[in-house]
Amino acid sequence: MAVVSTLPPELQQLRGSIRLLESTVYLASCSQGPLSTRVEGAVRSFMDTWNTAALGWEEWGRQVESARAGFAAMINARPEDVAVGTSMSQLVSSVVSAYVRERRAPRRRIVSSLGEFPGVAHAWLGARAYGWRVDQLAADAVAPLDPLDVISAVDEDTAMVSVPHVSYQSGAMLDVDEVIAAGHARGAAVFVDAYQSLGTIPIDVRASGVDFLASGTAKYLLGTPGIDFLYVRQGLHEQLEPTVTGWFGRTDPFAFDAASLDYAPTAARFDLGSPPVLPAAVAECAMDAIREADPGRIRTQVESLVASAIELGGELGLRVLGPKVAAARGAMVAFDAGTTTEGERLSSVLLERDVVVSPRGRAVRLSPHGFTLQEEMEHAVRELALLAER
Ligand SMILES: Cc1ncc(COP(=O)(O)O)c(C=O)c1O
């Protein structure tokens with residue numbers, strides 16, 4: 001394939017740091033981000049320190065705090081408003097535990113949806129065991145979550161509204177500002193799952209006023225699985241005492257005081273046990289690379305790639321799942337394969353041809369990043385259309 005398009009220097013630098021792009025068209029960051037030489041270097045230097053320092057804990061602790069601060073900087077938060085965990089499911093379970101412990105809470109309802117990533121949905125469903133009502137609005141790859149449905153579902157009993165910023169099923173992007181405004185107008189807190197958006201869409205939690213926002217580094221942030229961050233708005237985290245907790249949620253974990261459950265004054269009260277030190281060392285470095293490339297610049301590139309894939313796919317007879325306009329999508333175009341089996345078949349034949357995409361249910365998901373070239377996106381759409389015809 002002759003390479004003709006050029007990227008802005010910052011994106012070209014990001015591209016140049018990913019060796020996999022020399023041999024594949026990589027369109028699967030919605031599932032797993034590719035490895036960069038910077039991340040590889042971070043793993044190596046983690047091993048070096050481990051090999052040379054007698055006890056690594058001091059340096060490891062510093063890296064966890066740098067990762068916390070790095071995540072805070074990505075979303076315009078203060079490090080004190082960010083918790084570090086090992087998965088989003090775990091962090092949301094901690095949030096649930098802080099809410100359901102109030103036996104006489106006047107509001108005992110959570111509005112969620114079937115468009116939620118299952119691990120997040122399951123954490124909210126756990127509240128039912130405590131007598132809470134958890135309503136799941138309809139949403140799937142064909143009919144993504146409608147913000148108006150979310151808004152009209154919020155009532156005086158609702159304590160929490162949970163929405164994904166970008167759907168993992170279809171790539172549809174939700175207008176979270178509308179949901180936040182409606183939730184707050186009715187006295188409910190709003191949680192946003194930004195796993196499918198952070199890194200490719202600029203996020204500013206202070207401007208949006210969101211109460212909770214979580215993301216991990218395994219996808220568009222180009223880090224590893226094993227670390228997730230939870231933002232909890234200042235003024236709110238001080239009021240919450242999660243019972244799903246651990247020694248890193250304490251005021252001073254190193255007091256080794258087994259007798260008291262003193263909650264840290266910051267959002268670190270949502271931290272649990274020993275932190276994920278290796279993913280944190282990687283996360284710090286991975287997020288630096290994304291910040292240097294700039295999420296705003298990445299968004300511009302991604303939107304243009306998504307627009308051309310929608311247009312070309314349409315011309316070639318492929319059906320897009322979710323919105324047909326790039327501005328209403330995250331870094332993903334989902335084409336309809338009809339069935340899960342067919343989606344998996346198409347994706348594995350594409351893989352044999354060095355085009356990496358991600359099947360999910362009936363969708364074949366093509367997710368570009370700031371490092372993706374126009375001709376790569378078009379090549380993938382053409383190959384998919386050819387295969388789908390057979
Ligand atoms: C939207 C979304 N949320 C959350 C997750 C992952 O959650 P966890 O960190 O609990 O594995 C994913 C992973 O695919 C996702 O796509």
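This passage describes the largest pocket and the aromatic contacts of a predicted model.

The largest pocket has a volume of about 420 Å³. Its lining comprises 28 residues. V64, E65, R68, F248 and D271 lie nearest the pocket centre. Helix α3 (57-74) and strand β2 (82-85) each supply at least two lining residues. The largest share comes from α3, with seven residues. By character, the lining divides into 15 nonpolar, seven polar and six charged residues.

Aromatic pairs number 14 in the model. One of them joins Y99 and W132. The ring centres of Y99 and W132 are 6.5 Å apart, and the planes meet at 85 degrees, an edge-to-face arrangement. The pair links distant parts of the chain, with the two positions 33 residues apart in sequence numbering. Y99 belongs to helix α4 (residues 88-100). W132 sits in the loop between α5 (118-125) and β4 (133-137). Y99 has a relative accessible area of 14% and is therefore buried, the cut-off being under 20%. W132 is also buried, at 4% relative accessibility.

F248 and F254 form another pair. Their planes stand at 90 degrees, so this pair too is edge-to-face; the centres are 5.8 Å apart. F248, among the residues nearest the centre of the largest pocket, is buried, with a relative accessible area of 14%. Elsewhere, ring pairs link F46, W50, W57 and W60 into a cluster.

Charged side chains also lie over aromatic faces. K219 is placed over the face of Y195, 5.1 Å from the ring centre. R250 lies over the face of Y263, at 4.9 Å from the ring centre.

Technical notes:
Residues are numbered from 1 along each chain as its sequence is written. This is a predicted model: local features need pLDDT of at least 70, side-chain atom pairs count only at pLDDT 80 or more; totals for chains, interfaces and linings use all residues. Side-chain values use heavy atoms; hydrogens and water are left out. On a 1 Å grid over the protein atoms alone, a cavity is a set of points where a 1.4 Å probe fits but cannot get out, and a pocket is an open set with protein on both sides within 12 Å along at least five of seven lines; lining residues have an atom within 4 Å of a point. Grid points are joined across faces, edges and corners, and a volume is the space filled by probe spheres set on the points. Helices (H or I, at least four residues) and strands (E, at least two) are DSSP runs, numbered from the N terminus. Ala, Val, Leu, Ile, Met, Phe, Trp, Tyr, Cys and Pro count as nonpolar, Asp, Glu, Lys and Arg as charged, and the others, Gly among them, as polar. Rings of Phe, Tyr and Trp (its six-membered ring) pair if their centres lie within 6.5 Å; planes under 30 degrees apart count as stacked, over 60 as edge-to-face and the rest as tilted. Buried means under 20% relative accessible area, exposed over 50%, partly exposed in between (1.4 Å probe, protein chains only). A charge sits over a ring if NZ of Lys or CZ of Arg is within 6 Å of the ring centre and within 35 degrees of the ring normal.
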